[in-house]
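User: I'm new to this one and would like a walk through it. Could you start with a pair of packed helices and then go wider?

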Amino acid sequence: METLRPTYRVLMGVPGSSNALEISQKLGLSEEVVRRARAYMAREKVDYEALLSEAQDHLNKAQREREEARRDRDEAAALLERVRAEEEKLAEKREDVLTRARAQAREIVQGAQAETERVIKELRRAAADAQTAALEREIQKARGDLRAQAEAVGDLAQRCQGALSAPEGLMPGETVELIGHNLKATVLSPPDNKGELQVQAGVMKLNVHVSNVRRGKASAPQSAPAPRAPGKGLAVRSVASELDVRGQTVEEASLHVDKYLDDVAQTGLREVFIIHGKGTGALRAGLHKNLRNHPHVKSFRLGNYGEGDAGVTVVELQ
């Protein structure tokens, strides 16, 4: 009715008006003619045309509402499908978040356990270091006391030697007395250009300076007397040229090596052998660390072929 143009749609069983007068008027027929034509039409025909037009309007409206309802239904179905898809995504994300949270919780627990183990090891190491430090302080104190006693004895010996002149023309086989030790020995070699000579006291062979001996009466060499009280001279006693510390811990071996080197320092030996074995090398490394700062040690090295190789450390004393 608005455009007076065909819709090209067939509506079966639905009556419709011809709209002849409206089309004629649109095509340019005189309004007077159209008006007169309408006047000739029966009242029933006019009412029928109006009723038919109203029915057509209702039908069109119903069709539009049906189309809108179909579109709303399709939109609701699409929205429901999207909601379901979002729910599935949320479920997947929730499971993923829970999985990551569990993994992070395991990592945190493992990290805490590792940190706890590290702290325990550090505490144990600190306790061991504290014990080692205390032991080292005791060792250093003992060494200091021994050096003080040795210095006192050295001063006394020097004062005694000041009143005596060094013997001249010492020959192998002569009997001499080691000044400050009350020990007799037999000359094995004459003094060299530095005044050093080799003597034998009991089972020990010593290198001493000519100023540290005086001629004695010809007699067989005698053994060293019992140790004197501190401050009245050090007794020289037989000390082996090697020390075996295999199978000991670093702490035990270090104590034995310190005692051994202190004893060796009183005999005049210039080179000794410390047998520690090869093993893992931990004992050797610990002993070498102690030897680097030892007051009696001039240098040290691993044994050569025939001396024990890496299982023996050769120590040269001051």
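**Two helices and a histidine**

Analyst: In this predicted model, the residues Val250, Ala253, Ser254, Val257, Asp258 and Leu261 of helix H4 are in contact with Ala282, Leu283, Gly286, Leu287, Asn290 and Leu291 of helix H5. By type, the residues of this contact divide into 8 nonpolar, 3 polar and 1 charged.

User: At what angle do H4 and H5 pack, and how far apart are their axes?

Analyst: Helix H4, which covers residues 250–265, packs with H5 at an angle of about 45 degrees, and their axes are 10 Å apart. An angle of about 45 degrees is neither under 35 degrees nor in the range from 65 to 115, and H4 and H5 are therefore oblique to each other.

User: And is the crossing right-handed or left-handed?

Analyst: The crossing of H4 and H5 is right-handed.

User: Switching to His294, where is it found?

Analyst: His294 lies in the loop that links helix H5 (282–292) to strand E8 (297–302).

User: Buried or exposed?

Analyst: His294 has a relative accessible area of 3%, and because buried means under 20%, His294 counts as buried.

User: Which side chain does the side chain of His294 make a polar contact with?

Analyst: That partner is the side chain of Asp258, at 3.3 Å, and Asp258 is also one of the H4 residues that meet H5.

User: Zooming out, how many helices and strands are there in the protein?

Analyst: The protein has 5 helices and 9 strands, and from the N terminus on they run α-α-α-β-β-β-β-β-β-α-β-α-β-β. Of the 318 residues in the protein, 22% are buried.

Methods: Residues are numbered from 1 along each chain as its sequence is written. This is a predicted model: local features need pLDDT of at least 70, side-chain atom pairs count only at pLDDT 80 or more; totals for chains, interfaces and linings use all residues. Side-chain values use heavy atoms; hydrogens and water are left out. Helices (H or I, at least four residues) and strands (E, at least two) are DSSP runs, numbered from the N terminus. Buried means under 20% relative accessible area, exposed over 50%, partly exposed in between (1.4 Å probe, protein chains only). A polar contact is a pair of N or O atoms within 3.5 Å; within protein, one must be able to donate a hydrogen and the other to accept it, and residues adjacent in sequence count only if both atoms are side-chain atoms. Axes are lines fitted to C-alpha atoms, for helices over the stretch in contact, and angles run from 0 to 180 degrees between N-to-C directions. Angles under 35 degrees count as roughly parallel, over 145 as roughly antiparallel, 65 to 115 as roughly perpendicular and the rest as oblique. A crossing is left-handed if the near helix is turned anticlockwise from the far one by less than a right angle, and right-handed if clockwise. Contact means heavy atoms within 4.5 Å. Ala, Val, Leu, Ile, Met, Phe, Trp, Tyr, Cys and Pro count as nonpolar, Asp, Glu, Lys and Arg as charged, and the others, Gly among them, as polar.
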